[in-house]
Amino acid sequence: MATSPETQTPLLDDIVDGAVDFHGHPVRRSTSGGWRAASFIIWVEVAERVAYYGISSNLISFLTGPLGQSVATAAQNVNIWSGTASLLPLLGAFVADSFLGRYRTILAASLVYILGLGLLTVSAVLPSSELQVLMFFFCLYSVAVGQGGHKPCVQAFGADQFDRNYPDESKAKSSFFNWWYFGICAGPLLTLAVLDYIQDNLSWGLGFGLPCVVMVFALLIFLSGTRKYRFSIKGEEENAFGRIGKVFVTALRNRRTTSLAIALEEESRGTLPHHSSEQFKFLNKALVAPDDLKEKGKLCTITEVEEAKAVLRLFPIWITCLVYAIVFAQFSTFFTKQGATMDRTFVPGFDIPAAALQSFISLVIIVFIPIYDRIFVPIARSFTREPSGITMLQRIGTGMFLSIICMVVAALVEIQRLKTAKDYNLVDKPSATVPLSVWWLVPQYLLIGLADVFTMVGLQEFFYDQVPKDLRSIGLALYISIFGVGSFLSSFLISVIEEATSWAGHPSWFSNNLNRAHLDYFYWLLAVLSAVQFAIYMCIAKSYIYNRVSTV
């Protein structure tokens, strides 16, 4: 009697170590994971990004329009919401890595996301009242909660579909981060202009309702790939949070331990010195356990100490990326308000929505990522011998440098816009269109898009690769949190500057009348801060020691 493929004993080299299917059975490399599974997950994220940017890209226009907020207040609210949405992934990742797992967290978060978008649509069509405002912001932050569980887990789950111990899949995983970002930019590029036009010219209810429909499709796509996915097996060892926390607590308890005692402990365990152990040497004190812990067998191993050091090494990089995140926050706020004052005529009778210019960011990303992945990386690899062409930190730094140029260009364009308004006597006519084409803003959008190709993708791969396996959702949440904190810092900076520059009747840098405001001063300030940040980042990156398990 013939044996069906399902009951045949799989070849040993076709079994993926450390992974099972949805039912807990061993998975074959030839029928699971890899691009066949990751492609489902990329499409899910494409749909999710369409839904998210369908709300966020034109949010400032809704706040200053139907809700009647000032430009400065609306920009602060957008930044606070965006910051919250970027910090909540830390909570979502913690729940996934410690309790539910990534797959179940994605399902739960998707349902919250869809519910939030549905109620947001209802709130947008309610009559203007205090109830509408309260309901709108409640629903808006519900969307942030859903996104917080969805965002870090989907990307980590996608990268989990590639076995880093298998050469072909290890190379494919590096490409996965490139094509992942390609996908999440291609989707919004094709849909943002349509959604922004609907919101500005037809109906906010319809403009917010379509993202809800898209998110329902995202959930259906995710569920349809379940049979193809690989699910990581959690080991019997202690939870990663517990392991790392134990190292810090033990090191603190042993703060008076001498270097000689540490050296003797390492020698007794037969540990060979490694250059990474020279960083954060105070954590080596965790290797020496008090007698009461020795009796209970609760000793910190070398591996656990190195895991704690790997996590700690991330924070200087995290801190030096915050100014980049402040720059990143500007394209959805002040760049959009600039464009709204300019000549947006595309053809007679049709004006380009100001928020639609954000599509140029996606355009440069989807054009340049294939060039980067298929042309730049192989050429760079032939010179550097690095599997990914250049190291992750070099890639991040390149994008930071481009962000400085972006702010300089943005300041120069704003100077020209203010000069044009003055030349045509429009300084005190904020509702009049400044006769300067909106296409002047395109270079700054293209530059921030090109910077994203380097910094955004580099940060994603870096924070996934350089954390312990059990904490990869947390690693990606840390990357996302950079932009959350950056949005809060942007809001704080705006508040401080608004207060400092609006004295004795003088218009502030962020006056509602942008023809009397000075966004150019703000952009120059960001350019200077970015340059200082870049110099500090270069010093820290130069001394960074990559995780031993890193592929780079």
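Here is a short, friendly conversation about a predicted model and some of its side chains and helices.

Residues are numbered from 1 along each chain as its sequence is written, and side-chain values use heavy atoms, with hydrogens and water left out. Because the model is predicted, local features need pLDDT of at least 70 and side-chain atom pairs count only at pLDDT 80 or more, while totals for chains, interfaces and linings use all residues.

Reader: How many salt bridges does the structure hold?

Author: Let's start with the rule: a salt bridge is a side-chain nitrogen of Lys or Arg within 4 Å of a carboxyl oxygen of Asp or Glu. Glutamate 45 and arginine 49 fit it, at 3.6 Å from N to O. The count for the structure is nine.

Reader: Is glutamate 45 buried or exposed?

Author: Buried means under 20% relative accessible area, exposed means over 50%, and partly exposed lies in between (1.4 Å probe, protein chains only). Glutamate 45 has a relative accessible area of 0%, so this residue is buried.

Reader: Which helix holds lysine 151, the partner of glutamate 45?

Author: The side chains of glutamate 45 and lysine 151 meet in a salt bridge of 3.1 Å, N to O. This pair links distant parts of the chain, 106 residues apart: glutamate 45 is in helix α1, and lysine 151 is in helix α5 (residues 130-159). Helices here are DSSP runs of H or I with at least four residues, and strands are runs of E with at least two, numbered from the N terminus. So, by that naming, lysine 151 sits in helix α5.

Reader: Which residue of the salt bridge between aspartate 373 and arginine 374 is exposed?

Author: Their side chains meet at 3.5 Å, N to O. Aspartate 373 has 7% relative accessibility, so it counts as buried. With a relative accessible area of 57%, the exposed one is arginine 374.

Reader: What span does helix α15 reach from its first C-alpha to its last?

Author: Helix α15 covers residues 392-423, which is 32 residues. The expected span is 1.5 Å times one less than the number of residues, which gives 46 Å for α15. The model comes close to that, with a reach of 47 Å.

Reader: Which residue just after α15 takes a positive phi?

Author: Look just past the end of α15. The phi there is about 55°, and the residue is asparagine 425.
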